[in-house]
Amino acid sequence: MNSSRPGPVILIVATAVALFLLMPLIAVIPVSFTPARFLSMPSGTLSLRHYQALIDNPAWGQSILLSLRIGILSSAIATALATMFGLGIWMFQPRFSALLIGFVLLPLVVPPVVSAMTLYFP
Amino acid sequence: MIGKTITSRKILLLAPLLLFLGLAYVVPFLGVVRWSFTMPEVGLGQYRALMTDPLVQSVFIRTLRICLIVTAAVLVTAYAIAYVWVRGSSVQRMLAEFCILVPFWISVLTRAFGWLAMLSNRGLINTWLQSAGVISEPLALARNELGVIIGMTHFLIPFAVFPIASAMRSIDERVLLAARGMGASRTRIFWTVFVPLTYGGLIGAALIVFVFALGFFVTPAILGGGRSVMVAELVYLRIFQSPDWGLGAAISVVLVLFIGALLALMRRFIKPAHLIG
């Protein structure tokens with residue numbers, strides 16, 4: 001359908017949006033080579049000191065491993081629970097399906113900080 | 001007998017998630033609700049404080065203002081890129097998809113620091129503008145409300161693209177052909193036929209963006225630099241820094257009630273499937 005191809009105006013706007021979306025991700029790369037201790041653009045000299053720190057300081061390695069472990073475990077549990085629930089809804093179409101689905105989507109709309117506080121409760 | 005096995009299977013499949021959420025989420029949340037009435041003393045004191053405390057009021061107003069601005073900015077930008085993603089040539093579609101999905105998968109923290117690297121006083125934009133001689137003093141782009149709005153808009157665009165693109169995809173091509181056949185110009189077709197047919201997706205996108213924005217924490221904390229605190233950060237500060245659990249709990253309850261009311265009000269516009277795309 002040639003007639004509904006994006007026109008020049010929308011292409012210009014979309015290009016600007018695309019650049020906007022990629023910009024901060026690209027900006028992170030030069031910053032990682034800064035010789036300074038604080039978040040800054042390298043001026044003149046590049047340095048690998050932050051990568052060196054990543055390897056030398058055991059705290060980084062430990063926290064990366066911890067992140068991996070928590071990520072794998074929680075995604076496995078979440079996928080298992082959600083798959084069973086999804087199958088159950090699909091196979092049996094129980095009464096109040098919509099209500100049940102709304103209920104399980106609750107954590108999606110509750111602000112994360114409220115969820116975090118909720119988990120602090122016990 | 002058969003009825004019995006079906007019931008037991010049904011329970012076996014549905015119960016674990018419901019039970020998990022009930023025990024790990026609903027019950028503790030009720031505990032938070034109780035705190036809001038009992039800490040530090042029994043009564044409505046925290047809610048009264050919440051209605052009168054000028055700091056809390058200003059945070060609520062700032063949060064609403066930021067969320068409205070961000071929602072408007074996200075809808076316009078997401079619509080443009082969604083249009084190219086759905087209706088562009090195959091190369092355009094691929095590029096748009098890349099620009100939507102790559103930020104989507106990257107952690108909120110990385111994206112906030114990326115923006116800090118762009119916007120801060122020694123950041124990319126100020127360095128460039130200064131070395132080009134356009135400005136002599138760095139522009140205040142981060143550690144204020146502008147930085148928060150830029151960072152949040154960036155984070156939320158993909159969440160709006162999915163429902164909008166899903167609405168665009170479900171448009172019947174023949175309607176557009178008919179409009180064309182009757183002599184409507186491309187601009188006219190876009191504004192009077194195409195856009196109205198995507199209102200459902202736009203409303204869903206606006207709602208999800210607004211609700212997500214209300215609970216934003218990381219981006220305002222990093223890009224606001226403590227100067228433009230939003231409500232989620234206020235809850236955090238009340239709980240973890242100035243131990244004032246009662247007020248933090250009361251703000252949480254009000255926030256959840258507000259989101260619940262908003263979703264209930266807009267219920268007939270939302271299809272859960274649309275929200276995720």
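Me: What makes Leu48(A), Tyr51(A), Leu54(A), Ile55(A), Trp60(A), Ile64(A), Leu65(A), Leu68(A) and Ile72(A) a nonpolar patch?
Reply: In this predicted model, they form one on the surface, with about 960 Å² of accessible area together (Shrake-Rupley, 1.4 Å probe, only the protein chains shown as cover). Patch members need over 30% relative accessible area and no salt bridge (Lys or Arg side-chain nitrogen within 4 Å of an Asp or Glu carboxyl oxygen), and nonpolar side chains (Val, Leu, Ile, Met, Phe, Trp, Tyr) are joined within 5 Å.

Me: Why is Ile64(A) called partly exposed?
Reply: Its relative accessible area is 45%. Buried means under 20% and exposed over 50%, so 45% lands in between. Ile64(A) sits in α3(A), the helix (a DSSP run of H or I, at least four residues) that gives the most to the patch, with five residues.

Me: What makes the largest set in chain B a nonpolar core, and which residues touch the most other members?
Reply: A core is buried Ala, Val, Leu, Ile, Met, Phe, Trp, Tyr and Cys joined through side-chain atoms within 4.5 Å. Of its 75 residues, Ile81(B), Leu156(B) and Ile164(B) touch the most other members. A second, separate core has 26 residues, among them Val59(B) and Leu255(B).

Me: Which conventions apply here?
Reply: Residues count from 1 along each chain's written sequence, with chains lettered from A and ligands numbered from 1 as written. Local features need pLDDT of at least 70 and side-chain atom pairs 80 or more, while totals for chains, interfaces and linings use all residues; side-chain values use heavy atoms, leaving out hydrogens and water.

Note on methods
Patch = residues over 30% accessible without salt bridge, like charges linked within 9 Å, V, L, I, M, F, W, Y side chains within 5 Å. Helix = DSSP H or I, 4+ residues; strand = E, 2+ residues; numbered from the N terminus. Buried < 20%, exposed > 50% of the residue type's maximum accessible area, 1.4 Å probe, protein only.
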